[in-house]
Amino acid sequence: MSETNDVQMLEKLRDAHKRMRAEIGKVIVGQEAVVDQLLMAIFCRSHALLMGVPGLAKTLMVSTLSNALDMSFKRIQFTPDLMPTDITGTEVIQDDPVTRQRVFKFLPGPIFANIVLADEINRTPPKTQAALLEAMQERKASIGGVDHPMMNPFFVLATQNPIEQEGTYPLPEAQLDRFLFLIKVDYPTDDEEEQIMRLGTSDNKVKVSPVLHAEDIIGLQQVVRRVPVSDLIFKFAKRITRLSRPGTPDAAPFATKWLTWGAGPRASMNLILAAKAHAVLRGSNHVSGEDIVAVATPILRHRIIVNFSAQSEGITVDDIIKKLVKAAAQEFATT
């Protein structure tokens, strides 16, 4: 694709971003940063995990987003008794009306949609998590020895409750790593909460108009990947992740002290990819250091594991990420 076409596509993406914010804003009050991170995940062809206490409109946010994107949407409520076939689908025996023979027919499950909301994802056992992991990573589901491809585009947007851990199954690290972002959904401000109260207790019906279609998303995903990145930015992103790995020669002293596990190469790749989407949404046609800084926290917060020493000192994952970014920036400032 020519450079002129790419620029036109980037302008289209920015225009769509403004319109998406306006449409989602009809239903969701505030949470602009959360909406932007969800959109970045979609433009990066990735998945996102939303974490927040109940009542912060996480589920409503995802369903509203699907309306604004004009794509098929399915919600799966994860429970301890959910089986893999409940999400992927199953084969049933049917009588063929012509041959009168019994044949297997595949009935697709709710995973076969453009946007899949995995609600309270940590409530289901590992067997079901494994089926979801295959769909997220391989973009297919294997049923009865046959591979069934996911729809294109395909996104898993999951929610998780951080406070109620009774009867839950912690997500495997391999599955957490498949999520581009771990997005923290915070409480609304004073003014926003009053707006939510007024909106939620009125009889007004709000219609969200579609802004982008599936074909638009696929085209925009390709153009985001073509956003140029300088060698210096690649080195900056790489340095952040390498500083996080305790027990390695590149590790920062505080990482060795406070971390059990550091970020892997997928974090380095995702820093660059998410920074490209962030650059486009803020109006730039190239990636800068501030784009890496902006996406570092949601990219890394589920990929590094703090140890008991950090917990006893009240050091959070977000605190350590800030220190990693600052340490990497200082190194480049002195070179």
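**Reasoning through a predicted fold**

Student: How many aromatic pairs does the structure hold?

Tutor: The structure holds one aromatic pair. Its partners are phenylalanine 254 and tryptophan 258. Keep in mind as we talk that this is a predicted model.

Student: What makes phenylalanine 254 and tryptophan 258 a pair, and why is it called tilted?

Tutor: Rings pair if their centres lie within 6.5 Å, and here the centres are 6.4 Å apart. Planes under 30 degrees apart would be stacked and over 60 edge-to-face; the angle here is 45 degrees, so the pair is tilted.

Student: Why are phenylalanine 254 and tryptophan 258 separated by about one helical turn?

Tutor: Because they are four residues apart in helix α10, residues 253–258. Both phenylalanine 254 and tryptophan 258 are buried.

Student: How do you know that lysine 323 lies over the face of phenylalanine 254?

Tutor: The distance test asks for NZ of Lys within 6 Å of the ring centre, and lysine 323 is at 5.2 Å from that of phenylalanine 254.

Student: Which residues is isoleucine 320 in contact with, leaving aside its neighbours within four places in sequence?

Tutor: Both members of the aromatic pair are there: isoleucine 320 is in contact with Phe254 and Trp258, and also with Leu259, Ile304, Val306 and Ile315. Isoleucine 320 belongs to the largest nonpolar core, which has 82 residues. Along with Leu38, Phe43, Leu65, Leu69, Phe181 and Ile292, it touches the most other members. Helix α11 (residues 265–281) gives the most to this core, with ten residues. Another core, of 27 residues, lies apart from it, and includes Ile76 and Val116.

Student: On to the sheet. What is the order of its strands, and is the pairing parallel or antiparallel?

Tutor: Five strands form an open sheet, ordered β2-β5-β8-β1-β9, with parallel pairing. The twist averages 15 degrees from one strand to the next.

Student: What makes β2 and β9 edge strands?

Tutor: Each of them, β2 (73–77) and β9 (179–184), pairs on one side only.

Student: How do you know that β1 and β9 pair?

Tutor: Pairing needs at least two bridges, and five bridges join β1 to β9, so they pass. Leucine 49 stands opposite leucine 182 in β9. Likewise, four bridges join β5 (residues 115–119) to β8 (residues 155–160), where alanine 118 stands opposite alanine 158.

Student: What makes β9 mostly covered?

Tutor: Five of its six residues are buried. Helix α2 (residues 32–43) also packs on the sheet, touching β1, β8 and β9.

Student: Why does glycine 52 count as buried?

Tutor: Buried means under 20% relative accessible area; glycine 52 has 4%, so it qualifies. Glycine 52 is found in the loop between β1 and α3. Not counting residues up to four places away in sequence, it touches Lys58, Gln160, Asn161, Pro162 and Val185.

Student: And why does arginine 225 count as partly exposed?

Tutor: The class runs between the 20% limit for buried and the 50% limit for exposed. Arginine 225 has 48% relative accessibility, so it falls in that class. Its place is in helix α8, residues 214–225. The C-alpha atoms of arginine 225 and phenylalanine 43 are separated by 9.1 Å, although the two are 182 residues apart along the chain.

Notes:
Residues are numbered from 1 along each chain as its sequence is written. This is a predicted model: local features need pLDDT of at least 70, side-chain atom pairs count only at pLDDT 80 or more; totals for chains, interfaces and linings use all residues. Side-chain values use heavy atoms; hydrogens and water are left out. Helices (H or I, at least four residues) and strands (E, at least two) are DSSP runs, numbered from the N terminus. Axes are lines fitted to C-alpha atoms, for helices over the stretch in contact, and angles run from 0 to 180 degrees between N-to-C directions. Contact means heavy atoms within 4.5 Å. Buried means under 20% relative accessible area, exposed over 50%, partly exposed in between (1.4 Å probe, protein chains only). A nonpolar core is a set of buried Ala, Val, Leu, Ile, Met, Phe, Trp, Tyr and Cys residues joined through side-chain atoms within 4.5 Å. Rings of Phe, Tyr and Trp (its six-membered ring) pair if their centres lie within 6.5 Å; planes under 30 degrees apart count as stacked, over 60 as edge-to-face and the rest as tilted. A charge sits over a ring if NZ of Lys or CZ of Arg is within 6 Å of the ring centre and within 35 degrees of the ring normal.
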